[in-house]
Amino acid sequence: MQNHTTINEYIDSFPSETQSKLREIHSIISKLAPTSIENIKYGIAAFILNDSYLIYFSGNKKHVGMYPIPKGNEAFQNKLIPYKSGKSTLRFSIQSNLPKKLIEEIIQYSLSLIHIYFGIR
């Protein structure tokens with residue numbers, strides 16, 4: 001495992017196809033959570049808000065992943081089924097377009113949970 005100090009360094013360590021997907025995810029999170037802090041934790045990209053981890057994302061040769069994914073209601077969970085890889089992990093194939101609207105919904109929902117927990121309006 002390489003020791004990256006920034007998310008951009010982490011992204012740059014992957015092949016170009018993977019970099020492209022990771023940059024899309026990075027951009028979505030940055031846009032929706034502009035006050036969050038970027039970090040590398042457990043060797044992967046992480047966004048922190050109010051000392052809580054908002055979301056992690058990682059790259060692989062064949063897919064990119066996001067974790068942990070909030071539970072949400074049944075309708076929300078049904079949208080995640082095609083991408084589920086574990087209890088709270090999603091995988092998106094490098095060969096497919098990212099479901100950007102779904103990723104936005106995940107980030108917005110995660111933000112709302114942090115806001116509720118910390119009493120932020």
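Is glutamate 24 buried, partly exposed or exposed? Select this residue in your viewer: its relative accessible area is 22%, and because buried means under 20%, glutamate 24 counts as partly exposed. Keep in mind throughout that you are looking at a predicted model.

**Stop 1: the sheet**

Hide the side chains for a moment and color by secondary structure. Six strands make up an open sheet, ordered 1-2-3-4-6-5, with antiparallel pairing. Look for the edges next: strand 1 (37–41) and strand 5 (84–86) each pair on one side only. If you turn the sheet and look along it, you can follow a twist that averages 30 degrees from one strand to the next.

Now select residues 63–67 and 89–93. These are strand 4 and strand 6, which pair in the antiparallel sense over four bridges. For one example, pick valine 64, whose bridge partner in strand 6 is phenylalanine 92.

**Stop 2: the helix on the sheet**

Add residues 16–32 to the view. This is helix 2, which packs on the sheet. Helix 2 touches strand 1, strand 2 (44–49), strand 3 (52–59), strand 4 and strand 6. Show strand 3 together with the helix and compare their directions: the angle between them is about 165 degrees.

**Stop 3: serine 85**

Go back to an edge of the sheet and select serine 85, which sits in strand 5. Serine 85 is partly exposed, at 36% relative accessibility. Show the side chain of arginine 91 as well, and you will find a polar contact of 3.2 Å between it and the side chain of serine 85. For a sense of distance, draw a line from the C-alpha atom of serine 85 to that of histidine 26: the two are separated by 20 Å, and they lie 59 residues apart along the chain.

**Stop 4: the salt bridges**

The whole structure holds five salt bridges. Which residue pairs with aspartate 12? Select arginine 23: the two side chains meet in a salt bridge, with an N to O distance of 2.3 Å. Aspartate 12 belongs to helix 1 (residues 7–12) and arginine 23 to helix 2, so this pair ties together parts that are 11 residues apart in sequence. Turn on a surface and check both ends: aspartate 12 is partly exposed at 46% relative accessibility, and arginine 23 is partly exposed at 33%.

Stay on helix 2 and return to glutamate 24. Its salt bridge is with lysine 100, and the closest N and O atoms are 3.1 Å apart. Lysine 100 is in helix 4 (residues 100–118) while glutamate 24 is in helix 2, so here the pair ties together parts that are 76 residues apart in sequence. Lysine 100 has a relative accessibility of 43% and counts as partly exposed.

Next, select lysine 79 and glutamate 105. They form a salt bridge in which the closest N and O atoms are 2.9 Å apart. This pair links distant parts of the chain, with lysine 79 in helix 3 (residues 74–80), glutamate 105 in helix 4, and their positions 26 residues apart. On the surface, lysine 79 is partly exposed, with a relative accessible area of 42%, and glutamate 105 is partly exposed, at 26%.

For the last selection, show Lys31, Lys101 and Glu104 together. Salt bridges that share partners join these residues into one network.

Definitions and conventions. Residues numbered from 1 in each chain as written. Predicted model: local features only at pLDDT ≥ 70, side-chain atom pairs only at ≥ 80, totals over all residues. Heavy atoms only, no water. Pairing = 2+ DSSP bridges. Helix = DSSP H or I, 4+ residues; strand = E, 2+ residues; numbered from the N terminus. Axes fitted to C-alpha atoms, helices over the stretch in contact; angles between N-to-C directions. Contact = heavy atoms within 4.5 Å. Buried < 20%, exposed > 50% of the residue type's maximum accessible area, 1.4 Å probe, protein only. Polar contact = N/O pair within 3.5 Å; in protein donor to acceptor, adjacent residues only side chain to side chain. Salt bridge = Lys/Arg side-chain N within 4 Å of Asp/Glu carboxyl O.
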